[in-house]
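These are my notebook entries on one protein model. I record what I looked up, in the order in which I looked.

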Amino acid sequence: MLASTGGRELGADTTLTLQPSASLRPGSAYRLRIDGATTRELKGADGAARAPVDLPLIAAGEPPPEPKAAPKAKTKRTRRR
C-alpha cells in the first residue's frame, strides 16, 4: 500500500488524480484499486453498485540495477600434520 492524496472532477466523465506520498520505483509493478470509501462499493450514475476495479500498472523508467552480492570473505586454511 502506498498512501496518496488526490482529487476528482465529476461531470460527463469522472477524472481522478492521485499523487503518491512517496516516489514510485521505476520499472516496478503496482496495482491501483478503486472502490468505495465506506461500503467498498462504487455507485454508477443510476445508483447501481459496481464491483471494485483493479488496474495493474508499471511505473515508467528503467528498474534500478540489482544490488551486487557482497564478496565472500576468504577463509584461512590450516595445515594438517
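**Entry 1: overall make-up**

How many helices and how many strands does the secondary structure of the protein hold? I worked from a predicted model, and I found zero helices and six strands. Reading along the sequence, I noted the pattern β-β-β-β-β-β.

I then looked up burial and surface. The protein has 81 residues, and 4% of them count as buried. I recorded an accessible surface of about 8100 Å², with 54% of that area belonging to carbon and sulfur atoms. For contacts with a separation of 6 or more, I noted that 35% join residues 24 or more positions apart.

**Entry 2: salt bridges**

I searched the whole structure for salt bridges and obtained two. As a general point, side chains of opposite charge can pair when their charged atoms come close.

In one bridge, Arg-31 pairs with Asp-54, and the closest N and O atoms are 3.5 Å apart. I placed Arg-31 in strand E3 (residues 29–34) and Asp-54 in strand E6 (residues 53–58), so this pair ties together parts that are 23 residues apart in sequence. Arg-31 is exposed, because its relative accessible area of 58% is over the 50% cut-off. Asp-54 counts as partly exposed, at 36% relative accessibility.

Which side chain meets that of Arg-33 in a salt bridge? I found Asp-54 again, at 2.9 Å from N to O. Asp-54 lies in strand E6 and Arg-33 in strand E3, so the pair ties together parts that are 21 residues apart in sequence. For Arg-33 I noted a relative accessible area of 41%, which means that this residue is partly exposed. I entered Arg-31, Arg-33 and Asp-54 as one network, joined by salt bridges that share partners.

**Entry 3: strand E6 and its nonpolar patch**

I next looked up nonpolar side chains on the surface. Val-53, Leu-55 and Leu-57 form a nonpolar patch there, and together they have about 220 Å² of accessible area. I located Val-53 in strand E6. Is Val-53 buried, exposed or partly exposed? With a relative accessible area of 33%, Val-53 is partly exposed. This value also fits its place in the patch, because patch residues need over 30% relative accessible area.

**Entry 4: Ser-28**

I looked up Ser-28 in the loop between E2 and E3. Its relative accessible area is 19%, so I entered Ser-28 as buried, the cut-off being under 20%. Which residues does Ser-28 touch, not counting those up to four places away in sequence? I listed Leu-57, Ile-58 and Ala-59. Leu-57 had already appeared in my notes as a member of the nonpolar patch.

**Entry 5: Leu-18**

My last look-up concerned Leu-18, which I found in strand E2 (residues 15–20). Its relative accessible area is 48%, so I entered Leu-18 as partly exposed. How far apart are the C-alpha atoms of Leu-18 and Gly-6? I recorded a separation of 4.3 Å for these two residues, which are twelve residues apart along the chain.

Technical notes: Residues numbered from 1 in each chain as written. Predicted model: local features only at pLDDT ≥ 70, side-chain atom pairs only at ≥ 80, totals over all residues. Heavy atoms only, no water. Helix = DSSP H or I, 4+ residues; strand = E, 2+ residues; numbered from the N terminus. Buried < 20%, exposed > 50% of the residue type's maximum accessible area, 1.4 Å probe, protein only. Salt bridge = Lys/Arg side-chain N within 4 Å of Asp/Glu carboxyl O. Contact = heavy atoms within 4.5 Å. Areas by Shrake-Rupley, 256 points an atom, 1.4 Å probe, with all protein chains shown as cover. Patch = residues over 30% accessible without salt bridge, like charges linked within 9 Å, V, L, I, M, F, W, Y side chains within 5 Å.
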